[in-house]
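User: Please take a close look at one buried lysine in this model. Then place that site in the wider fold.

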Amino acid sequence: MVQRLPQFTGKGCFLWRPANSFSGDTVKIANALTASNTSFVALKIHNGYLQYTELAPIISEIRSRGIGLGAWGYIYNTSDTQARNEAAAAIATCKRYSPDFYLIDAEGDAKGHPNQAAIFSSALRLGLPNMSIGLCSYRFPSLHMELPWAQYLNFCDFVAPQVYWRGYDPVGNLTRSKAEYAKLTKLPYYFAGGDMYLEKGIRPTNKQVVDFMTAVKNDKDIHGTLMWAMDQNECPADLWATYSAFPWDAELQQVVMGLNKFLDDAKVDVAARKEFYLAILQQYKQTGALPKPNSAIEEAIIAGIKILKSPARP
């Protein structure tokens with residue numbers, strides 16, 4: 001099986017319902033993501049078989065800032081028909097929005113349905129042969145063995161567990177989660193979902209958020225974090241401030257912001273911008289460092305022009 005991995009890495013967060021952040025103001029949401037030095041966002045694009053078809057404005061605004069776009073969908077898979085319909089919804093919305101990766105959010109409703117999991121996963125892979133697909137589920141598989149893990153993992157490229165430590169020992173939770181997944185699958189533990197939300201009076205401390213993100217950043221096997229969640233009804237303001245202040249690829253973000261200004265002045269469209277950003281990120285991955293911003297911008301522009309002129313470009 002050919003492994004497809006996400007292009008964007010580093011500091012990321014989930015976005016569940018855009019309407020719950022800045023009353024759905026797409027510019028303010030993108031401004032907040034830019035100010036927080038967020039590298040990529042995972043946006044919910046379907047719930048079961050229900051497709052979210054109104055996301056084009058927020059996606060366009062996010063991408064215009066050089067922020068990567070991932071996608072996720074919550075699945076139920078309670079019957080054969082449901083599984084087929086949910087796979088169809090995931091395929092259709094991924095084709096509509098072209099995310100960098102797609103996450104299968106399989107939790108309680110998906111437990112005890114192995115045949116439906118296989119139907120969903122095989123259909124999803126058939127419909128999205130080139131998509132980077134990850135499983136985004138429980139932090140500790142050993143506590144949820146009713147979930148048909150193998151039927152999902154067989155069609156995935158990576159895992160992105162929800163390491164929601166709920167008030168205690170974030171680093172210990174991450175360590176145990178990695179160990180359990182290592183026993184379960186050979187797929188890379190690519191992203192670690194983190195906890196920065198308030199629910200039923202439980203929330204992490206600011207120090208726990210910093211400790212978790214530091215552990216993820218320093219882990220040679222993990223390529224980024226996905227903190228739950230940007231939504232203002234989920235994330236207390238002080239935790240969002242802590243997330244925003246955490247330094248991660250700050251130099252890269254400086255380059256992207258400088259490049260944004262150039263592209264704004266040149267009136268380069270969103271589709272072309274994505275090619276420019278990917279050129280920068282590819283250089284960053286290959287060298288592990290970036291030259292000074294002005295030089296990086298110049299090199300990215302040259303690389304982007306080559307891509308745009310390439311006969312292979314659609």
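**K11 and its setting**

Analyst: K11 sits in strand β1, which covers residues 10-15. The model is predicted. How exposed or buried is K11? Its relative accessible area is 1%. The cut-off for buried is under 20%, so K11 counts as buried.

The side chain of K11 has polar partners. One of them is the backbone oxygen of S36, which lies 2.7 Å from a polar atom of that side chain. The backbone oxygen of F246 is another, reached at 2.8 Å.

Which residues does K11 touch, leaving aside those up to four places away in sequence? One run is S36, N37, T38, S39 and F40. Another is Y243, S244, A245 and F246. M213, T225 and W248 complete the list. S36 and F246 thus appear among the touched residues, and each also offers a backbone oxygen to the K11 side chain.

M213 leads on to a helix pair. Helix α7 spans residues 206-218 and packs with helix α6, residues 170-184. The angle is about 35 degrees, and the axes are 8 Å apart. From α6, the residues in contact are P170, V171 and L174. From α7, they are Q208, D211, F212, A215 and V216. By class, this contact holds 6 nonpolar, 1 polar and 1 charged residues.

Next, helix α3, residues 80-97. It has 18 residues, and at 1.5 Å a residue the expected span is 26 Å. The end C-alpha atoms are 26 Å apart, so the two values agree. Its buried residues are Q82, A83, E86, A87, A89, A90, I91, T93, C94 and Y97. They pack against strands β2 (40-47), β3 (50-51), β4 (68-75) and β5 (101-106). They also pack against helices α2 (56-64) and α4 (114-127). Just past α3, S98 has a positive phi of about 50 degrees.

Helix α2 has its own buried set: I58, I59, E61, I62, R63 and S64. G66 follows α2, with a positive phi near 80 degrees.

Now the whole chain. It contains 11 helices and 9 strands. Of its 314 residues, 55% are buried. Among contacts with a separation of 6 or more, 83% join residues 24 or more positions apart. The accessible surface is about 13,600 Å², and carbon and sulfur atoms account for 55% of that area.

Terms used: Residues are numbered from 1 along each chain as its sequence is written. This is a predicted model: local features need pLDDT of at least 70, side-chain atom pairs count only at pLDDT 80 or more; totals for chains, interfaces and linings use all residues. Side-chain values use heavy atoms; hydrogens and water are left out. Helices (H or I, at least four residues) and strands (E, at least two) are DSSP runs, numbered from the N terminus. Buried means under 20% relative accessible area, exposed over 50%, partly exposed in between (1.4 Å probe, protein chains only). A polar contact is a pair of N or O atoms within 3.5 Å; within protein, one must be able to donate a hydrogen and the other to accept it, and residues adjacent in sequence count only if both atoms are side-chain atoms. Contact means heavy atoms within 4.5 Å. Axes are lines fitted to C-alpha atoms, for helices over the stretch in contact, and angles run from 0 to 180 degrees between N-to-C directions. Ala, Val, Leu, Ile, Met, Phe, Trp, Tyr, Cys and Pro count as nonpolar, Asp, Glu, Lys and Arg as charged, and the others, Gly among them, as polar. The expected span of a helix is 1.5 Å times one less than its number of residues. Accessible areas come from the Shrake-Rupley method with a 1.4 Å probe; for residues, only the protein chains shown count as cover.
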